[in-house]
Every structure is written in C-alpha cells, then in structure tokens.
Amino acid sequence: KTYNSQLTRDLIAHGDMEYPRGRGREPEKIDFLQRASNEMTRNIKEWLEEYNRMLEEAKNKLPSMYLMATDHSSDGYEEFENRWNDYHQELEKFYELGILKRTEAVIGSGELQGAYSKKASFLITYLDAFEGTLEPLQKNYLKLKLFSDIFHKRNEITHKTLKFTPNGIEIYSNDKKIDIDCLTSGEKNDFVMFYRLIFNTSINGIVLIDEPEISLHIEWQEDYLDRLIDICQMNGLQAIVATHSPNIVNGHFDLFVDKV
C-alpha cells in the first residue's frame, strides 16, 4: 500500500513541503508486510546472538566450574532430574518453533540415572552452567508462540503454516515454502495487524483499531476478538475497536457499546 511517511506528513503539516503532485512525485511506498518480516528477522538474530554468546561463556566456564564443584551423592537425583527435564523442555519449545536446531539425542530416564550415579558432580555443574543461557529466548517465547498459534489457527483452511528460523520467518503452503508476498491480501493484513499488536505495542498501552473486518474472511472476523483478547491479556493492553461487522462482535456483547 502507498502512504506518506511520518516525516513527509510532518513536513506537509508545517508547510515545509508541498503535497506531492504530478508524475514522479508519488508518496513514498511503505510495505508493512516486508517491514514486519525484516524486523522479526533482525529480532531473532539478536536473540540468537545473545543466546550463543551466553552459550559460549558457559562452555568456557564449565571446566573451571567442574574443578571447583563439590562431590554429590546419588541421593539428590530426584531434584536433579526435575531440573534436567525442565531445561530440556524449555529447549524443546524452541526446537518446535524452529529457532533452534535439535543437536542432542533424547536421553532416557534410566540412562540419566545411571550416569548420575557415576558423574553427579559433572552433570550438576553442566546444568549450573547452561540453564541460564536460554533467558534471551525465553523472555520472547510467549509472543512468538502466540503469533504462531494465531497464524496457524486462522490459516487452517488454506493449509498455510509459519515457522521461525535463525534466518527469520518462513511461510509454507501444503508443506511447500512460499514467498511471504504470496499471501492473499486478507492474510497479509492479518499478518501485519497481529504482528504489530503482539510485538510493537507498549505494555499497558491503549490501541485504537478501526474496522478490522476489512479484507477478512467471515470466519476470521468471528475469531478476531478472541485473539485480540489473548494479546491484550499478554501485553496488558486496552483495545478500542470500531466496527460495522456483527461477525467481529460475535457474541461479545459484554464488550460492545452501540454508538449512534
């Protein structure tokens, strides 16, 4: 879509620039879909850089931590097993999203207990070193998961799926990778709107949304407020929506104010 940028609007408003007219003087073009995709790519790379930096620090500290570790008896296995499982369950979240590539084979509880009885000090030291490395990814997980869930729920009919990767967002149609520009106009509108609501809003902010039903399939309209409520609860937002569509309201009459 074609818009005037904020800078251009400011210049026009203050009389420092004439409104673009004539051939060759079109308003600047802003592709919000590509902007959202590029921003997510940058964010994922930044989060992974921080994760890899902390991972490298943990690897470098591990030998000295092990030398300083005290002996552990096998009596504390249950507590260790809980920590071990929690750490690997957190890793699994990012394997599923696609941000991290699976590099470790799954270790059965029997194998783990056997290893612990012989090498408790090393295994506990390993966890001490690596548990905290997931923090840069964990603090963004809920937003990534909610955006992914919304996209998949609203694109079940079209069989389109989304995957986060170290190189950004990838879109698939019937398991075949497609360019993000191949999304329909409604899907593009949906993508940008929910992306900006999840990732570009301020905590405890107020969001004004005008006629979100435009370009949206009826089933997407009926699902819209449920998804918006999820986002508002996560980000502490208050949203004020103006709509002419009864499908957007879809039973949420407790939230509805009739203005005539």
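Is Asp149 buried, partly exposed or exposed? At 35% relative accessibility, Asp149 counts as partly exposed. Before I continue, please keep in mind that the model before you is a predicted one.

Let me begin with the charged pairs. The structure holds 13 salt bridges, and I shall discuss three of them. As general background, side chains of opposite charge can pair when their charged atoms come close.

Asp149, with which I opened, forms a salt bridge with Lys145, and their closest N and O atoms are 3.0 Å apart. The two residues stand 4 residues apart in helix H5, so about one helical turn separates them. Lys145 is also partly exposed, because its relative accessibility is 29%, a value between the 20% limit for buried and the 50% limit for exposed.

The second pair is Asp190 with Arg154, where the closest N and O atoms are 2.6 Å apart. This salt bridge links distant parts of the chain, since Asp190 belongs to helix H6 and Arg154 to helix H5, with their positions 36 residues apart. Which class of exposure applies to Asp190? Asp190 is buried, at a relative accessible area of 7%. Arg154 counts as buried too, at 3% relative accessibility.

The third pair is Arg227 with Asp223, whose closest N and O atoms lie 2.4 Å apart. Both residues are in helix H7, which spans residues 218-235, and they are 4 residues apart, about one turn of the helix. Arg227 is buried, with a relative accessible area of 16%, and Asp223 is buried at 12%. Which residues are joined into one network by salt bridges that share partners? They are Arg154, Asp190, Asp223, Arg227 and Asp230. The second and third pairs that I described therefore belong to one network.

I turn now to the interior. How many cavities of 30 Å³ or more are there? The count comes to 1, and the volume of the largest cavity is about 60 Å³. Its lining consists of Phe147, Ile150, Phe151, Arg154, Asn155, Glu187, Asp190, Phe191 and Phe194. Helix H5 (135-154) and helix H6 (185-199) are the elements that give two or more residues to this lining. By class, the lining has 5 nonpolar, 1 polar and 3 charged residues. Arg154 and Asp190, both named in the lining, are the partners of the salt bridge between helix H5 and helix H6.

Next, the backbone. Most residues other than glycine have a negative phi. Asn174 has a positive phi, near 50°. Asn174 is placed in the loop between strand E2 (168-173) and strand E3 (176-178), and at 53% relative accessibility this residue counts as exposed. Asn250 also has a positive phi, near 40°. Asn250 sits in the segment after helix H8 (246-249) and is partly exposed, with a relative accessible area of 36%.

Finally, the surface. Which residues form a nonpolar patch there? Ile206, Leu208 and Ile240 do, and together they have about 340 Å² of accessible area. Leu208 is found in strand E4, residues 206-210. With a relative accessible area of 68%, Leu208 is exposed.

To close, I return to the two charged residues that appear in both the cavity and the network. Arg154 and Asp190 line the largest cavity, and they also take part in the salt-bridge network with Asp223, Arg227 and Asp230. Thank you for your attention.

Terms used
Residues are numbered from 1 along each chain as its sequence is written. This is a predicted model: local features need pLDDT of at least 70, side-chain atom pairs count only at pLDDT 80 or more; totals for chains, interfaces and linings use all residues. Side-chain values use heavy atoms; hydrogens and water are left out. Patches are made of residues with over 30% relative accessible area and no salt bridge: like charges are joined within 9 Å, nonpolar side chains (Val, Leu, Ile, Met, Phe, Trp, Tyr) within 5 Å. Accessible areas come from the Shrake-Rupley method with a 1.4 Å probe; for residues, only the protein chains shown count as cover. A salt bridge is a side-chain nitrogen of Lys or Arg within 4 Å of a carboxyl oxygen of Asp or Glu. Buried means under 20% relative accessible area, exposed over 50%, partly exposed in between (1.4 Å probe, protein chains only). On a 1 Å grid over the protein atoms alone, a cavity is a set of points where a 1.4 Å probe fits but cannot get out, and a pocket is an open set with protein on both sides within 12 Å along at least five of seven lines; lining residues have an atom within 4 Å of a point. Grid points are joined across faces, edges and corners, and a volume is the space filled by probe spheres set on the points. Ala, Val, Leu, Ile, Met, Phe, Trp, Tyr, Cys and Pro count as nonpolar, Asp, Glu, Lys and Arg as charged, and the others, Gly among them, as polar.
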